[in-house]
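Please open the model in your viewer and keep the sequence panel beside it, since each stop on this tour begins with a selection.

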Amino acid sequence: MAFIDVVEWQPQSNDIFAWRFPNENLSTATQLIVRESQEAVFFSKGQILGKFGPGKHTLSTENLPLLRNLFGLPFGKKNPFTAEVWFVNKAAPLTIDWKTTTMRFMDPDYGQMIPLVAQGRYGLKIRDAEKFLVKLVGTLNSFDSDQLTDHFMGPLVAKTNSCLNTFMTQNGIGIMTIAGHLDELSTFLSEPLKAFWDEYGIDLTGYYITSVDLDTSTPDGKKISDAMSDRSAQNIAGYTWQQKQSFGTVNNAVQNSRGGIGMIGAAMMMGGGMGGNAAMGSAMMSPTGTGNFAGNMGGMGGGARPMAQQNTVFCSRCGKSFPSTNKFCPHCGDPYNPCPVCGRDNDANAKRCSVCGASLQGQNALNNMMNGNACSRCGSNVPAGTKFCPNCGNRM
């Protein structure tokens with residue numbers, strides 16, 4: 001039987017935590033080479049014979065005294081014995097990536113349960129090689145970072161999710177602001193995880209959270225993400241959700257009208273607020289095609305003037321159509337507040353037309369005067385039942 005003369009480990013990657021030498025036929029003349037950041041541990045018959053730090057060692061009954069008890073080996077000479085030799089990497093790799101499963105969180109900004117997923121990186125260093133080998137390695141030939149992550153995936157994810165939820169809830173932090181607290185969150189989570197790894201003879205040398213994001217892999221997460229993107233687009237473009245819904249109603253109505261789908265593109269582009277072209281867009285948006293296009297073209301040069309005729313308008317509140325001769329929407333009762341340029345119905349408090357951008361302040365004052373809610377002298381809005389204008393003293 002051949003005996004091994006030299007036992008050593010030359011790792012090709014720093015991600016391997018422990019490696020077993022493939023041959024167990026040793027002798028008291030075998031040379032053991034342990035490199036820096038390594039430690040060698042000997043097992044035989046279910047017991048630990050001894051361990052060796054960096055350096056070159058000759059195995060003997062002097063540095064492995066249990067050999068005399070287990071095998072009855074005498075002093076001196078070349079005596080054979082069998083043992084498992086494990087090399088443990090005691091460096092501190094910082095390349096172990098982790099990612100949680102989907103967790104549910106009550107977001108304080110939205111007041112809704114949203115799905116979150118977190119990911120990051122951590123580093124480990126084996127402090128107690130014996131405890132690590134006894135508790136984790138078992139019958140494996142090696143133990144790398146992937147095996148370590150898989151082995152502890154369940155408890156690690158549970159602890160991370162619990163601590164993450166606790167931190168965000170206690171500090172009132174939502175998904176929109178969590179990116180500014182990743183350093184604090186990493187520190188908060190690292191403390192309970194240090195105690196967890198210590199049980200296995202491992203030191204947690206670094207723990208970092210790189211992101212906490214909305215989990216768009218779930219159906220509700222995708223819907224929330226789309227809604228958030230839509231909200232950002234509205235803020236940038238300067239329109240409200242109600243206006244968007246109104247635009248959509250107009251779009252559907254025109255597609256179903258005689259104007260057809262070809263007219264809606266011009267209406268939305270030209271009537272959407274490009275200054276002098278507003279009247280053209282408004283005329284084309286008329287579902288019945290009776291808007292006085294020529295009259296509006298004439299007003300584009302020297303100043304805006306109201307459309308000569310528009311048979312149908314769309315309510316700014318409910319989006320349903322009604323004749324432009326009405327003073328109120330027959331569907332929801334909202335007052336008709338026409339734009340002096342394009343005739344589009346607008347909210348009573350709107351300062352500019354939502355379609356062409358024309359000023360509505362003069363029109364709103366006129367409407368208030370007609371409804372008895374404005375002073376005939378200064379035009380100020382006054383509460384119903386007021387006898388004298390609080391601004392100029394005019395008798396109402």
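Select aspartate 97 to begin; in this predicted model, aspartate 97 has a relative accessibility of 46% and therefore counts as partly exposed, a class that lies between under 20% for buried and over 50% for exposed. Add arginine 121 to the selection, and you will see the two side chains meet in a salt bridge, with 2.9 Å from N to O. This pair links distant parts of the chain, for aspartate 97 belongs to strand 10 (residues 96–99) and arginine 121 to strand 12 (residues 112–126), 24 residues apart. Arginine 121 is likewise partly exposed, its relative accessible area being 36%.

Next, select lysine 51 and glutamate 130, whose side chains form a salt bridge at 3.3 Å, again taken from N to O. Here the partners are 79 residues apart, lysine 51 sitting in strand 6 (residues 47–52) and glutamate 130 in helix 2 (residues 129–137), and the pair links distant parts of the chain. Lysine 51 has a relative accessible area of 42%, which makes it partly exposed, and glutamate 130, at 26% relative accessibility, is also counted as partly exposed.

Stay with helix 2 and pick out lysine 135, which forms a salt bridge with glutamate 199, their closest N and O atoms being 3.9 Å apart. Because lysine 135 lies in helix 2 while glutamate 199 lies in the loop between helix 5 (182–198) and strand 14 (202–214), the pair ties together parts that are 64 residues apart in sequence. Lysine 135 is partly exposed at 44% relative accessibility, and glutamate 199 is partly exposed at 44% as well. Now highlight Arg127, Asp198 and Asp203, which are joined into one network by salt bridges that share partners. How many salt bridges does the model hold by this rule? The count comes to twelve.

Keep the loop between helix 5 and strand 14 in view and select glycine 201, which lies there. Is glycine 201 buried or exposed? Its relative accessibility is 0%, so glycine 201 counts as buried. When its neighbours within four places in sequence are set aside, glycine 201 is in contact with Lys125, Ile126, Arg127, Asp128 and Lys131. For a distance to check in the viewer, take the C-alpha atoms of glycine 201 and isoleucine 126, which are separated by 6.1 Å although the two residues are 75 residues apart along the chain.

From here, select helix 4 (residues 153–170) together with helix 5, and turn the view until both can be followed. These two helices pack at an angle of about 145 degrees, with their axes 10 Å apart, and helix 4 passes helix 5 in a right-handed crossing. On the helix 4 side, show Pro155, Leu156, Lys159, Thr160, Cys163, Leu164, Thr166 and Phe167; on the helix 5 side, the residues they meet are Glu184, Leu185, Phe188, Leu189, Pro192, Leu193, Phe196 and Trp197. Coloured by class, the residues of this contact divide into twelve nonpolar, two polar and two charged.

Trp197 leads on to the nonpolar interior, as it is one of the residues with the most contacts inside the largest nonpolar core, which has 46 residues; the others so listed are Tyr122, Leu124, Phe132, Leu133 and Val212. Apart from this core lies another, of 19 residues, which includes Trp9, Leu26, Leu32 and Phe52. In soluble globular proteins, nonpolar side chains tend to be buried together.

Move along the chain to the loop between strand 16 (321–323) and helix 11 (361–370), and select aspartate 334 within this loop. Aspartate 334 is buried, since its relative accessible area is 11%. Its contacts, leaving aside neighbours within four places in sequence, are with Cys315, Ser316, Arg317, Phe328, Cys329 and Asp345. Valine 355, in the loop between strand 16 and helix 11, is buried too, with a relative accessible area of 5%. The C-alpha atoms of valine 355 and arginine 344 are separated by 7.2 Å, the two being eleven residues apart along the chain.

Finally, clear the selection and look at the whole chain, which has eleven helices and 16 strands. Of its 396 residues, 39% count as buried. Among the contacts in the chain with a separation of 6 or more, 55% are between residues 24 or more positions apart.

How values were computed: Residues are numbered from 1 along each chain as its sequence is written. This is a predicted model: local features need pLDDT of at least 70, side-chain atom pairs count only at pLDDT 80 or more; totals for chains, interfaces and linings use all residues. Side-chain values use heavy atoms; hydrogens and water are left out. A nonpolar core is a set of buried Ala, Val, Leu, Ile, Met, Phe, Trp, Tyr and Cys residues joined through side-chain atoms within 4.5 Å. Buried means under 20% relative accessible area, exposed over 50%, partly exposed in between (1.4 Å probe, protein chains only). A salt bridge is a side-chain nitrogen of Lys or Arg within 4 Å of a carboxyl oxygen of Asp or Glu. Helices (H or I, at least four residues) and strands (E, at least two) are DSSP runs, numbered from the N terminus. Axes are lines fitted to C-alpha atoms, for helices over the stretch in contact, and angles run from 0 to 180 degrees between N-to-C directions. A crossing is left-handed if the near helix is turned anticlockwise from the far one by less than a right angle, and right-handed if clockwise. Contact means heavy atoms within 4.5 Å. Ala, Val, Leu, Ile, Met, Phe, Trp, Tyr, Cys and Pro count as nonpolar, Asp, Glu, Lys and Arg as charged, and the others, Gly among them, as polar.
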